[in-house]
Amino acid sequence: MWRTMAGCTMGGQRCLYKLQSASVHFIAAKHTTPFTRYVDDINFRLASFHFFTCCHVSAMSVSETWYAVKDHGTNYCNIYNLVEGSGLTEARGYREVTSDFLCTQRSSANCTVY
């Protein structure tokens with residue numbers, strides 16, 4: 001999903017994602033921003049509960065560029081775009097728990113652009 005520049009021809013950043021590794025409980029990926037070519041490391045941790053009927057997912061995206069702090073919520077959008085693109089935001093019981101404290105600029109992020 002979204003491996004080439006094709007997803008970014010009309011703007012946005014739903015492109016240049018690359019799966020690094022995946023296992024039952026862990027997914028690692030990288031995202032390269034299409035214009036500045038910054039690289040972000042994305043990690044998902046999956047834990048089942050309620051006798052494997054539910055799944056708790058924690059995720060983190062961190063820019064490899066140390067000074068990319070005020071990034072318009074790009075790291076939040078890295079995660080959200082993948083979750084939304086997978087269809088999970090429409091799944092029964094889906095709930096997102098985050099804040100600006102946990103995820104810089106989350107409340108002002110525009111994931112159709114970033």
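This note walks through the salt bridges of this predicted model and then turns to one serine and its polar neighbours.

1. **The overall count.** A good place to start is the charged side chains. Side chains of opposite charge can pair when their charged atoms come close. Searching the whole structure turns up 4 salt bridges, and the points below take you through several of the residues involved.

2. **R14 and E84.** Here R14 pairs with E84 in a salt bridge, with 2.8 Å between the closest N and O atoms. R14 sits in the segment before β1 (17-22), while E84 belongs to helix α1 (residues 74-85), so this pair ties together parts that are 70 residues apart in sequence. As for their surroundings, R14 is partly exposed at a relative accessible area of 25%, and E84 is also partly exposed, at 32%.

3. **K30 and D41.** Next, have a look at the strands. A salt bridge joins the side chains of K30 and D41, at 2.5 Å from N to O. K30 is found in strand β2 (residues 26-32) and D41 in strand β3 (residues 39-49), so the contact ties together parts that are 11 residues apart in sequence. D41 has a relative accessible area of 24%, which makes it partly exposed; K30, with 26% relative accessibility, counts as partly exposed too.

4. **R106 and E96.** Further along the chain, R106 forms a salt bridge with E96, and their closest N and O atoms are 3.1 Å apart. Both R106 and E96 lie in the segment after α1, 10 residues apart. R106 counts as partly exposed at 28% relative accessibility, and E96 is partly exposed with a relative accessible area of 32%.

5. **A shared network.** Which residues are joined into one network by salt bridges that share partners? They are K30, D41 and E64. When you view the K30 and D41 pair from point 3, it is worth bringing E64 into the picture as well.

6. **S63 and its polar neighbours.** Finally, a residue to look at for its polar contacts: S63, placed in strand β4 (residues 54-63). Is S63 buried or exposed? With a relative accessible area of 13%, S63 is buried, because the cut-off for buried is under 20%. The S63 side chain makes a polar contact with the side chain of D40, at 3.4 Å. A polar atom of the S63 side chain also lies 3.1 Å from the backbone nitrogen of T65.

Notes. Residues are numbered from 1 along each chain as its sequence is written. This is a predicted model: local features need pLDDT of at least 70, side-chain atom pairs count only at pLDDT 80 or more; totals for chains, interfaces and linings use all residues. Side-chain values use heavy atoms; hydrogens and water are left out. Helices (H or I, at least four residues) and strands (E, at least two) are DSSP runs, numbered from the N terminus. Buried means under 20% relative accessible area, exposed over 50%, partly exposed in between (1.4 Å probe, protein chains only). A polar contact is a pair of N or O atoms within 3.5 Å; within protein, one must be able to donate a hydrogen and the other to accept it, and residues adjacent in sequence count only if both atoms are side-chain atoms.
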